[in-house]
Amino acid sequence: MLSDFSHKTGLKFHSTELKIIWDHYHFSYIPGFGNECASEDPRCPGALPEGQNNPQVCPYNLYAEQLSGSAFTCPRSTNKRSWLYRILPSVSHKPFESIDQGHITHNWDEVDPDPNQLRWKPFEIPKASQKKVDFVSGLHTLCGAGDIKSNNGLAIHIFLYLFTAALSLLLVPQKGKLHIYTEFGKMLVQPNEICVIQRGMRFSIDVFEETRGYILEVYGVHFELPDLGPIGANGLANPRDFLIPVAWYEDRQVPGGYTVINKYQGKLFAAKQDVSPFNVVAWHGNYTPYKYNLENFMVINSVAFDHADPSIFTVLTAKSLRPGVAIADFVIFPPRWGVADKTFRPPYYHRNCMSEFMGLIKGHYEAKQGGFLPGGGSLHSSMTPHGPDADCFEKASKAKLAPERIADGTMAFMFESSLSMAVTKWGLKTSNCLDENYYKCWEPLKSHFTPNSRKPAGLNGALLP
Ligand SMILES: O=C(O)Cc1cc(O)ccc1O
Ligand SMILES: [Fe+2]
């Protein structure tokens, strides 16, 4: 989810110091997805006002502030807001001023459209000898579509950084753990977990090692759990496995010590403030950040024959106004059993009206044994043909179809969008990671056509002679 706000704090920890503090810190979370929750920092019992949102004077003389994630008038089922009880309201800041935009862009006309299959080698993390980057300067926009001002579209960013810092969205860390401070509390997010920081929520991220990951930013919509249809009441990502941080505050004021970075209409602005943005003593509501461990995904798959569409692996969806059509789905390819009989089990060859951006957190992807590496990516735009590489096709066409583990130790994912995404200049050129040879993985595909044989494929899927 797009957050138009982010911030950079003046927290004065050094990475090793902070590591020790965090390793000993007990992270607490509230389980559930989209529920109405309430949380108080245990140092201030009774900080949540009783029976009303706006007492004339709040307990502990806190300020009440509402954060609205939906229009006031949205139907109850989609209405999202939280009430924050804080030491000072968010408005306590100096004016925002434009800052260096780094590698972030929402200009989808930087380069001409390219309908080819695109693949990137692992995006390079800056070397220690190079200038230190923080979370903001380490963000690089790879592709996207739509218009941020009309709240319709998406952007995919890569984050690459070395050291402590800050900013905001659906975060998919691939390397290095993230210690995330939010107005609602703290979260520890490790590779194979994801985290959503929703629009308007202020946060800061600390890292301790080389860190890399993917960000899906969607404009104007929220991530939801997909409907389950005939699957029934349980399955895929279960609501109880989503974790919301509990209230935590710091009572710190440092003159000009905190910088809040505001991503407003796609541009970065910064404002100084004296008070820590993490000054929320208690909160209640249904609009919060959350995290989810991908290991908890309950995988559903074909148990008879044929390859089910990857929509069965949808973790979260950000819906468009057209029924069944997403601005973006977050889909994973988790470890599972493959048992389908008389079936070509890997992904099929296809052209899709949706755009498919794929990334790899660990292991290797079933349709591409080489070339698609952890920390890299691929983009198959609207109607761009793709599918297994030649090697995968040959092997899977001849494989004996016993039950087998697929993708053990692996986690690939897809950001799938109904928008036709444009790639940025950084994506195509500056990153230097574009794999010019990607198309060659399909070149060895050869015809197996046997027009004179009407025999069906042999048992166990053996190719016709
Ligand atoms: O292109 C891909 O690898 C993703 C994908 C996987 C699958 O099993 C079916 C369709 C699909 O787009
Ligand atoms: Fe695909």
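How many helices and how many strands does the chain have? In this predicted model, the tally comes to three helices and 27 strands. The chain runs to 465 residues, and buried ones make up 42% of them.

A good place to start is strand β14, which covers residues 211-219. Nine of its nine residues are buried, so this strand counts as mostly covered. In a regular strand the side chains alternate between the two faces of the sheet. Here, Thr211, Gly213, Ile215, Glu217 and Tyr219 point one way, while Arg212, Tyr214, Leu216 and Val218 point the other way, and all of them are buried. As for partners, β14 is joined to strand β9 (residues 170-175) by five bridges, and the two run antiparallel. One spot to look for along this pairing is Leu171, whose bridge partner in β14 is Ile215.

The β9 and β14 segments also turn up when the nonpolar interior is examined. In soluble globular proteins, nonpolar side chains tend to be buried together. The largest nonpolar core in this model holds 106 residues, and the members that touch the most others are Leu170, Leu216 and Phe413. The strand that gives the most to this core is β21 (residues 326-333), which supplies seven residues.

Strand pairing shows up elsewhere too. Strands of a sheet pair through backbone hydrogen bonds, either parallel or antiparallel. Strand β19 (residues 290-293) pairs with β12 (residues 193-196) in the antiparallel sense, over four bridges. Along that pairing, Cys195 sits opposite Lys291. Strand β19 also pairs with β15 (residues 242-245), again antiparallel, this time over two bridges. In that case Phe242 faces Tyr292 of β19. Just ahead of β12, in the loop that follows β11 (185-189), comes Asn192. Its phi is near 85°, a positive value in a residue other than glycine. Asn192 has 16 C-beta neighbours inside 10 Å, so it counts as partly exposed.

Another sheet is open and has three strands in the order β5-β17-β16, with antiparallel pairing. Why do β5 and β16 each have one side without a neighbour in the sheet? Both β5 (97-98) and β16 (253-264) stand at the edges and have a single partner strand each, so one side is left free of sheet neighbours. The pairing between β16 and β17 (residues 267-275) runs over eight bridges, and Asn262 stands opposite Phe269 within it. The loop between β16 and β17 contains Gln265. Like Asn192, this residue is not a glycine and yet has a positive phi, here about 50°. Gln265 counts as exposed because just 11 C-beta neighbours lie inside 10 Å, and the cut-off for exposed is 12 or fewer.

Attention can now shift to ligand 1. Which residues are found around ligand 1? The shell consists of Pro310, Pro347, His350, Asn352, Glu356, Ala367, His386 and Met414. By type, these divide into four nonpolar, three polar and one charged. Three of the shell residues, His350, Glu356 and His386, are also covered by the annotation "binding site" in an unreviewed UniProt entry. These three span 37 residues in sequence, yet no two of their C-alpha atoms are more than 11.4 Å apart, so they gather at one spot.

The two histidines in that trio have rather unlike surroundings. His350 belongs to the loop between β22 (336-338) and β23 (355-362), and it is partly exposed, with 13 other C-beta atoms within 10 Å. His386 comes from the loop between β24 (377-380) and α2 (390-398). It counts as buried because 23 C-beta neighbours lie inside 10 Å, where 20 or more are needed. Setting aside residues up to four places away in sequence, His386 touches Gln117 and His380.

The loop between β22 and β23 also holds Arg345. Is Arg345 buried or exposed? It has 21 C-beta neighbours inside 10 Å, so it counts as buried. Leaving out neighbours within four places in sequence, the contacts of Arg345 are His307, Gly338, Ala340 and Ala396. Gly359, by contrast, is 14 residues from Arg345 in sequence, and their C-alpha atoms are 21 Å apart in space.

How values were computed
Residues are numbered from 1 along each chain as its sequence is written. Chains are lettered from A and ligands numbered from 1 in the order in which they are written. This is a predicted model: local features need pLDDT of at least 70, side-chain atom pairs count only at pLDDT 80 or more; totals for chains, interfaces and linings use all residues. A residue is near a molecule or strand if its C-beta atom, placed from the backbone, lies within 6 Å of it. Ala, Val, Leu, Ile, Met, Phe, Trp, Tyr, Cys and Pro count as nonpolar, Asp, Glu, Lys and Arg as charged, and the others, Gly among them, as polar. Two strands pair if DSSP finds at least two bridges between them. A nonpolar core is a set of buried Ala, Val, Leu, Ile, Met, Phe, Trp, Tyr and Cys residues joined through C-beta atoms within 7 Å. UniProt positions are given in the numbering used here, feature names are shortened, and annotations may be inferred rather than shown by experiment. Two residues are in contact if their C-beta atoms, placed from the backbone, lie within 7 Å.
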